[in-house]
Amino acid sequence: MNDSKRVLIVGFGSIARKHIRILKKNWPKIEIGLYKKDIFLKCHELNLCKRKFSTYQECIEWRPNFVIIASPCSFHLDQALFFAGQGLPTLIEKPIGTGSESKNSWEKLLSLSKSVPIMVGYVFRHDECLKELKNFLSLNNHGKIIDIESYCGSWLPDWRPKSNYKNSVSANKSFGGGVLLELSHEIDLINHLFGPIEIRYTSLFNTNSLEIDVEDIALIQAECLSCKFITIKLNFCTKPQERYLKIRFSDKNLTWELNKQIIKIKESQGDESILYKSEHDTDYKFKKQLENFLKFVENKETNFCSVNDAYATLNLISKSKRNVT
């Protein structure tokens, strides 16, 4: 990215602040503008922003080169329609919406994406481990896939330790909270690697462990052409944190530990080896996402996650909610 560029960040939650830190660390001369209607949280990241805006008109008059939408997902579609409608290349944090938006609005965004660069921030699509896993699967010499298991479990109060988790986007239905939307990376990854997948049934539950008004645990059973038994298990009410993707073949098992950025292979005899281990910190994939987005804007890279891709993931979430047993 040219350091003379201006980037507008929409929202000021934890993911917006992460984008600000990564931008300033890797492109220190870049100008960052920040849009938020109400009071700004006093923190280090606020000092890294050159301008602060409370209206869309002020944002446009500043003439940003790019926009990153990192607000609650219930605002994503309307904000994307406005800023992309101004011809501004736009990176939209996942998920792309809540699923309750009008069909007409989605059609407008899909139409806009044909002429304006729009990428959706499913950041694991930029993970080096995913590239290695796709290369491994492309060899197609590992035996039949017996089952696929994706798991993400964590403790919501630990996500944003400096704030009350009950007031967070994740914990509130009106902002698009709940594990299905907040932990939709797993659904997106499975559909990206093996899709199109079909949802067979879903179980959603509020354990009352966190005293919130959304589901804090979900189990999805799905299938695809290459595997009839896919399970996706999500929760943010357990300790310790654990996140993995397991693929069990007829003659070996593969495990991608997403937080540790490592892929392991276990042979039928029980021998285990490391297929790939990343040496980068966990922020690296966010940096790569920004690099890939800017290359896409300049027609030097394909779109890692299009509006169509993200809309497919949102539809799977909506189907999951309808297929609750």
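The legends below describe close-up views of a predicted model.

**View 1. Helix α8 and its buried residues.**
Helix α8 covers residues 185–194. Nine of its 10 residues are buried, so the helix is largely enclosed by the rest of the structure. The buried set runs from H185 through E186, I187, D188, L189, I190 and N191, and also holds L193 and F194. An α-helix has 3.6 residues a turn, so residues three or four places apart point the same way.

**View 2. The cis peptide bond from K94 to P95.**
Omega of this bond is near -15 degrees. P95 lies in a loop, with β5 (90–93) on one side and α5 (103–112) on the other.

**View 3. The cis peptide bond from K239 to P240.**
Here omega is near -10 degrees. P240 belongs to strand β11, which spans residues 237–249, whereas P95 of the preceding view is in a loop.

**View 4. N140, a residue other than glycine with positive phi.**
The phi angle of N140 is near 55 degrees. The loop that holds N140 connects α6 (128–138) and β7 (145–155). N140 has a relative accessible area of 69% and is therefore exposed, the cut-off being over 50%.

**View 5. N208, also with positive phi and not a glycine.**
Phi is near 65 degrees at N208. This residue sits in the loop between β8 (198–205) and β9 (217–224). With a relative accessible area of 60%, N208 is exposed.

**View 6. Cysteine C59, in a model with zero disulfides.**
A disulfide is a covalent bond between the sulfur atoms of two cysteines. Counting a pair of cysteine sulfur atoms as a disulfide when they are within 2.5 Å, the total for this model is zero. C59 is in no disulfide, and the nearest cysteine sulfur, that of C49, is 12 Å away. C59 is buried, with a relative accessible area of 0%.

**View 7. Cysteine C224 and the sulfur of C227.**
For C224 the nearest cysteine sulfur is that of C227, at 5.6 Å. The cut-off for a disulfide is within 2.5 Å, so this pair does not count as one. C224 is buried, and its relative accessible area is 5%.

Note on methods
Residues are numbered from 1 along each chain as its sequence is written. This is a predicted model: local features need pLDDT of at least 70, side-chain atom pairs count only at pLDDT 80 or more; totals for chains, interfaces and linings use all residues. Side-chain values use heavy atoms; hydrogens and water are left out. Buried means under 20% relative accessible area, exposed over 50%, partly exposed in between (1.4 Å probe, protein chains only). Helices (H or I, at least four residues) and strands (E, at least two) are DSSP runs, numbered from the N terminus.
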